[in-house]
Amino acid sequence: VSSNGTLIFSPGAPFSASGTVTLEGVSFESFGVVEFGGTAPITLVASSPVFSNVIISNTYSNGVTASSSWAINDQLEIEPGSVFTAGEGFSHSISGSIDNYGTRNGGTSTITFHSLCEINGMEEPEIYNLVVSNSADLTLNNSVKITKDLTIDGTLSETGQKLTFSGSENSVISGATGSLSLSELEINKSSAITTCSIPVTINEWLFLTSGILHTDATNILTIIDDATSTEGNAASFVDGPIKKIGNDEFIFPLGDFNRLAKLKISAPANTTDAFTARYYDDAYTNTTTMATTPTPALNNVSNGEYWTLDRVAGSSDVTVELYWQSASLSGISDADADLVVAHWNGTAWENAGQSAISGSSSGSVTSDTVTSFSPFTFGSLATDKNDLLEGVNSLPVELISFKAVNMEQEVMLQ
C-alpha cells in the first residue's frame with residue numbers, strides 16, 4: 001500500500017468502541033500524513049511501515065503503541081492529551097523531528113536519528129535507547145528523558161535543555177563522536193548506574209537526584225566556569241573523577257561504592273584555573289609515615305578513605321574542605337581541635353591544618369590554604385596519646401597484631 005494523501009484512523013462513538021489498524025502485506029508506505037486519532041482504543045498490527053508524517057491525536061487513556069519497527073521520514077507529532085508508546089524491543093528510525101505535546105513512553109525500543117533532526121514540544125519525551133547516527137545532526141529544543149543508553153555517533157546540539165537519565169536500568173553514554181557537551185544533565189535513576197564511556201562537559205547544571213554517575217580518568221566529567229552542581233546525596237553522587245574549571249568555590253559531589261564523600265575548594269583566582277578531584281573508599285598505600293613538619297605533627301591518619309585533588313591548570317592556592325557523612329564510619333569521635341586535614345607530600349603525611357570545623361555525626365573540616373596537592377584525608381594530632389577519650393580521633397585503623405591478657409574478671413588488650 002502506498003499513500004500520498006492523508007489517512008485518518010479515528011475510532012470512537014457512535015461508530016465504534018475500538019479499532020484495529022493493520023499495516024502489513026508486502027509493504028505499507030505513506031508519503032503524506034497518517035493520523036491515529038479518535039477516543040477509543042486503537043490496536044496496531046504492522047510489519048515495519050514507512051511513514052512521512054505521523055500524528056498521534058488519540059485520547060484513549062492507554063494511547064497508541066507501536067507493534068513493530070517504524071521508519072518516519074519527516075515528523076512524529078504527539079498532540080496534547082495523547083499517549084504514544086514506542087513498544088518493546090523495536091528499532092525505530094526518524095529522519096525529521098519528534099514534536100511532543102502529549103506523552104511519549106519509550107518502552108524498550110531504540111530510536112535512531114538520521115539526517116537533520118529535532119526534538120521539539122512542550123513535554124519531555126521518554127526514550128529508551130537514543131542513537132544519533134554518524135549522518136545525523138540532532139538538535140534538542142526540548143528536554144529529554146532517557147531510560148537506557150545514549151549513543152552519539154553524529155552531532156548532538158541543544159539550546160539550554162536538560163537531558164535526564166531515569167528509570168531502573170543501568171545506562172551508558174557513548175559514541176564515536178568522542179565527547180558530549182550538555183547544558184544540563186540530571187541523574188534520576190532508581191538504584192542504577194549511569195556510566196560515561198566518553199568525556200562529558202556540563203555548561204550549566206549537574207543535578208544529582210538519585211543514582212550513581214560513573215566516570216574515569218579518560219572519560220571524565222568536566223564542569224566549566226560558572227557552571228555548577230547539586231551537592232549529591234547518599235543515593236546519588238559521582239563515582240570517579242570530576243574536573244572543575246573556573247574561579248568559583250565548588251563542592252565536588254564525590255563518592256565511591258555506596259558512600260557519599262564530598263570535597264570543597266575555596267574560589268580559585270582565575271576563570272581558567274582547573275582542579276580535578278576523586279574519592280576512594282579505601283586506604284592510601286601508605287598510612288603510617290608522618291612528617292615532622294609543619295608542627296604540630298600528625299599522630300595518625302585515616303586508614304579507610306582518602307581524596308585526590310590535583311591542580312591541573314593555573315597556580316591558585318585554595319583551602320580544602322573534607323566532609324564525613326558518618327562519624328562512626330570515618331572513625332571520628334571528636335570534631336574538635338584534634339581533627340585536621342592531612343596531606344600526603346610525596347613521602348609522608350603532613351598537617352594541612354584546620355581553619356574551620358563543624359558538625360558531629362556528620363560534618364566537615366577545612367584546611368589552611370594549601371599550595372601543593374595530591375592525596376588528602378582526615379588526620380589526628382592526638383596530643384595526649386594515652387587518653388583516647390579526650391579529643392583523640394582514632395580514625396579507621398587496621399590491627400596488625402594484639403595480645404590479650406587475663407586480668408581476673410577483665411581482659412586487657414595490648
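This passage describes the cysteines, one antiparallel sheet and the nonpolar cores of a predicted model.

No disulfides are present in the structure, the count being 0. Cys117 is buried, with a relative accessible area of 2%, and Cys196, at 2% relative accessibility, likewise counts as buried.

An open sheet is formed by 5 strands, which follow one another in the order E30-E33-E37-E41-E40 with antiparallel pairing. The edges of this sheet are occupied by strand E30 (250-252) and strand E40 (356-359), and because each of these has a single partner strand, one side of each remains without a neighbour in the sheet. Direction ignored, neighbouring strands of the sheet are turned against each other by 20 degrees on average. Within the sheet, strand E33 (residues 263-265) is joined to strand E37 (residues 320-324) by antiparallel pairing over 3 bridges, and the bridge partner of Leu263 in E37 is Leu322.

The largest nonpolar core comprises 78 residues, of which Phe36, Leu130, Phe252 and Leu309 touch the most other members. When neighbours within four places in sequence are left aside, Leu309 is in contact with Phe252, which is itself among the four residues just named, and with Leu263 and Ile265, as well as with Val320. The remaining contacts of Leu309 under this criterion are Phe275, Thr276, Ala277, Phe373, Ser374 and Phe376. Apart from the 78-residue core lies another core, of 9 residues, whose members include Tyr284, Leu298, Val301 and Tyr306.

Note on methods: Residues are numbered from 1 along each chain as its sequence is written. This is a predicted model: local features need pLDDT of at least 70, side-chain atom pairs count only at pLDDT 80 or more; totals for chains, interfaces and linings use all residues. Side-chain values use heavy atoms; hydrogens and water are left out. A disulfide is a pair of cysteine sulfur atoms within 2.5 Å. Buried means under 20% relative accessible area, exposed over 50%, partly exposed in between (1.4 Å probe, protein chains only). Two strands pair if DSSP finds at least two bridges between them. Helices (H or I, at least four residues) and strands (E, at least two) are DSSP runs, numbered from the N terminus. Axes are lines fitted to C-alpha atoms, for helices over the stretch in contact, and angles run from 0 to 180 degrees between N-to-C directions. A nonpolar core is a set of buried Ala, Val, Leu, Ile, Met, Phe, Trp, Tyr and Cys residues joined through side-chain atoms within 4.5 Å. Contact means heavy atoms within 4.5 Å.
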